[in-house]
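Please examine the structure shown below with its aromatic residues and its surface in mind. The paragraphs that follow lead through selected positions in turn.

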Amino acid sequence: MNAHEIDYQIFGEEMQYVELELDPQEAVIAEAGNFMMMDNGIKMDTIFGDGSKQNEGFLGKVLGAGKRLLTGESLFMTIFSNEVQGKKKISFASPYPGKVIPIDLTRFNGKFICQKDAFLCAAKGVSIGIEFSKKLGRGFFGGEGFIMQKIEGDGMAFVHAGGTMARKELQPGEKLKVDTGCIIGFDQTVDYDIEFIGGIRNTLFGGEGLFFATLTGPGTVYIQSLPFSRLASRIHQAAPQGGGKDKGEGSILGGIGDVISGDNRF
């Protein structure tokens with residue numbers, strides 16, 4: 001094992017967090033902002049990249065960390081190490097409502113491809129890199145662009161999904177059409193492409209975008225019911241625009257209904 005071998009437990013239903021148990025000298029890496037709580041005795045350090053290649057020179061570490069900028073992530077990651085005797089626990093939480101998904105990389109032949117903002121945390125030794133698309137259509141119309149994250153190694157990693165998670169096992173040649181934002185991640189054996197929906201009415205009035213993502217087996221795919229981009233869009237649409245009042249959605253009385261219900265914002 002190159003990656004540290006860690007035990008874990010996932011808590012919660014719709015607002016989940018994962019608790020990792022670290023033996024002495026074991027460590028876990030995480031994106032900034034995902035930390036929840038930890039026992040006394042765990043040391044936190046900020047490092048370039050993911051710390052998976054200890055023998056790289058300084059320039060190699062900088063270049064490796066710099067690739068993360070292409071996915072919109074920070075140059076730095078945080079590593080949490082158990083520096084004392086005895087087992088210690090640390091927890092990480094999903095940044096928005098949804099599910100935490102454990103990924104045992106040994107079951108994915110050492111590589112799992114996911115959306116750029118799906119990674120939560122992983123055992124030290126797991127590599128977090130970028131996966132370039134070799135298909136032009138996917139790059140221009142894939143929603144998340146032609147860059148996705150790849151998680152490589154032989155340890156445990158954890159990704160998060162918005163809403164409810166669906167896991168599909170695709171047979172060779174079996175195709176699944178998915179909204180581009182609803183993909184969490186998939187096996188490296190799965191072929192990922194973009195397909196035009198077609199039809200004038202679908203294009204102009206469908207409201208579902210112009211393209212599907214197509215996932216073709218064999219392999220495992222994970223789908224989320226509520227991408228964060230969709231949630232943010234709905235919140236933005238419902239929010240008062242330009243400092244004005246809201247539209248009183250959900251009530252035929254509009255503003256009068258707000259007063260009756262106790263909302264006296266004028």
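**A walk through selected residues**

Lys-116 lies in the loop between β9 (111-114) and β10 (119-123). The coordinates come from a predicted model, and every value discussed here is computed from that model. With a relative accessible area of 30%, Lys-116 is partly exposed, because that category covers the range between the buried limit of 20% and the exposed limit of 50%. Although Lys-116 and Lys-150 are 34 residues apart along the chain, their C-alpha atoms are separated by 8.6 Å.

The aromatic residues come next. Across the whole structure, a search finds 8 aromatic pairs. One of them joins Phe-80 and Phe-92, whose ring centres are 5.5 Å apart and whose planes stand at 70 degrees, so the pair is edge-to-face. This pair links distant parts of the chain, since Phe-80 belongs to strand β6 (residues 76-82) and Phe-92 to strand β7, with the two positions 12 residues apart in numbering. Both Phe-80 and Phe-92 are buried. A further aromatic pair, Phe-186 with Tyr-192, is tilted, with 5.6 Å from centre to centre and 50 degrees between the planes. Phe-186 has a relative accessible area of 2% and Tyr-192 one of 4%; both residues therefore count as buried, the limit being 20%.

Ring pairs also bring Phe-35 into a cluster with Phe-80 and Phe-92. Is Phe-35 buried or exposed, or does it fall in between? Its relative accessible area is 37%, so Phe-35 is classed as partly exposed, whereas its cluster partners Phe-80 and Phe-92 are buried. Phe-35 is located in strand β4.

From Phe-35 the view turns to the surface. Together with Met-36, Met-37, Met-38 and Met-44, Phe-35 forms a nonpolar surface patch with a combined accessible area of about 450 Å². Strand β4 (residues 35-38) supplies the largest share of this patch, namely 4 residues. Phe-35 thus takes part both in the ring cluster and in the nonpolar patch.

Ser-91 offers another view of the same region. This residue is found in strand β7 (residues 88-93), the strand that also holds Phe-92. Ser-91 counts as buried because its relative accessibility is 2%. Leaving aside residues up to four places away in sequence, Ser-91 touches Tyr-17, Val-18 and Glu-19, as well as Phe-35, Met-36 and Met-37. Among these contacts, Phe-35, Met-36 and Met-37 are also members of the nonpolar patch.

Terms used: Residues numbered from 1 in each chain as written. Predicted model: local features only at pLDDT ≥ 70, side-chain atom pairs only at ≥ 80, totals over all residues. Heavy atoms only, no water. Buried < 20%, exposed > 50% of the residue type's maximum accessible area, 1.4 Å probe, protein only. Contact = heavy atoms within 4.5 Å. Phe/Tyr/Trp six-rings, centres within 6.5 Å; stacked < 30°, edge-to-face > 60°. Patch = residues over 30% accessible without salt bridge, like charges linked within 9 Å, V, L, I, M, F, W, Y side chains within 5 Å. Areas by Shrake-Rupley, 256 points an atom, 1.4 Å probe, with all protein chains shown as cover. Salt bridge = Lys/Arg side-chain N within 4 Å of Asp/Glu carboxyl O.
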